[in-house]
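Biologist: Could you take me through one part of this model closely, the cysteines and what surrounds them? I would like the cut-offs spelled out as you go.

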Amino acid sequence: ENKMWMSLGGGPECRVCEKPVYFAEQVNSFDETYHKACFKCEHCKKRLTKGQNLEHAGQPYCRGCHRRLFGPHGFRGGPLGDG
């Protein structure tokens with residue numbers, strides 16, 4: 001199906017919505033292609049920009065969610081440095 005869109009002038013397929021992504025609306029991150037509107041934090045759904053995100057298990061996260069979910073944890077499981 002992706003080849004059909006490419007032959008009609010579309011771009012690569014968005015990782016999230018699986019629709020073609022035209023160059024002007026394209027964001028590439030960690031070898032994946034997204035529409036700007038689809039490039040969101042997997043946890044809080046905040047829209048991301050390239051370079052503003054971190055990856056975990058192939059999913060994009062904002063820096064705050066990545067730190068809270070996957071960063072080092074201190075006493076009673078809270079994130080380090082939040083006190």
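Modeller: Happy to; I will begin with the model as a whole, move to the cysteines, and then follow the chain outwards.

This is a predicted model, so local features are taken at pLDDT of at least 70 and side-chain atom pairs at pLDDT 80 or more, while totals for chains, interfaces and linings use all residues. Residues are numbered from 1 along each chain as its sequence is written, and side-chain values use heavy atoms, with hydrogens and water left out.

The pLDDT is the predictor's confidence in each residue, from 0 to 100. Its mean over the chain is 83, with 76% of the residues at 70 or more. Residues 1-7 fall below 50, and this stretch has seven contacts in the model beyond near neighbours in sequence; a contact means heavy atoms within 4.5 Å. Where pLDDT is low, the predicted coordinates should not be read in detail.

The chain has two helices and four strands, in the order α-β-β-β-β-α along the sequence. Helices (H or I, at least four residues) and strands (E, at least two) are DSSP runs, numbered from the N terminus. Of the 83 residues, 25% are buried. Buried means under 20% relative accessible area, exposed means over 50%, and partly exposed is in between, with a 1.4 Å probe and protein chains only.

Now to the cysteines. A disulfide is a pair of cysteine sulfur atoms within 2.5 Å, and by that rule the count is zero. The sulfur of Cys-44 has its closest cysteine sulfur in Cys-41, at 3.7 Å, which is too far for a bond. Cys-65 is likewise in no disulfide, and its nearest cysteine sulfur, in Cys-62, is 3.6 Å away. As for accessibility, Cys-44 is partly exposed at 39%, whereas Cys-65 is buried at 1%.

Three cysteines, Cys-41, Cys-62 and Cys-65, belong to the largest nonpolar core, together with Val-27, Tyr-34, Phe-39, Leu-48 and Tyr-61. Such a core is a set of buried Ala, Val, Leu, Ile, Met, Phe, Trp, Tyr and Cys residues joined through side-chain atoms within 4.5 Å. In soluble globular proteins, nonpolar side chains tend to be buried together. Leaving aside residues up to four places away in sequence, Cys-41 touches Lys-46, Leu-48, Pro-60, Tyr-61, Cys-62 and Cys-65.

Cys-62 also leads us to a hairpin, where it stands in S4 opposite Asn-53. Strand S3 (residues 53-56) and strand S4 (residues 59-62) pair in the antiparallel sense over four bridges; two strands pair if DSSP finds at least two bridges between them. Two residues lie between these strands, and in this hairpin Ala-57 takes a positive phi near 50 degrees.

Helix H2 spans residues 63-70 and holds His-66. His-66 is buried, with a relative accessible area of 17%. Not counting residues up to four places away in sequence, His-66 touches Leu-54, Glu-55, His-56, Tyr-61 and Gly-71.

Further from the cysteines in sequence, the loop between H1 and S1 deserves a look. A salt bridge is a side-chain nitrogen of Lys or Arg within 4 Å of a carboxyl oxygen of Asp or Glu, and the count by this rule is one. Arg-15 and Glu-32 form it, with their closest N and O atoms 3.6 Å apart. Because Arg-15 lies in the loop between H1 and S1 and Glu-32 in strand S2 (residues 32-35), the pair ties together parts that are 17 residues apart in sequence. Arg-15 is partly exposed at 29%, and Glu-32 is partly exposed at 30%.

That loop also holds Glu-18, whose phi is positive, near 65 degrees, in a residue other than glycine. Glu-18 is exposed at 53% relative accessibility. Ala-24 is found in the loop between helix H1 (2-7) and strand S1 (26-29), and is exposed at 67%. Between the C-alpha atoms of Ala-24 and His-35 the distance is 9.2 Å, with 11 residues separating the pair in sequence.

Phe-30 sits in the loop between S1 and S2. Its phi is positive too, near 50 degrees, and Phe-30 is partly exposed at 48%.

One last figure concerns the whole chain: among contacts between residues at least 6 apart in sequence, 8% join residues at least 24 apart.
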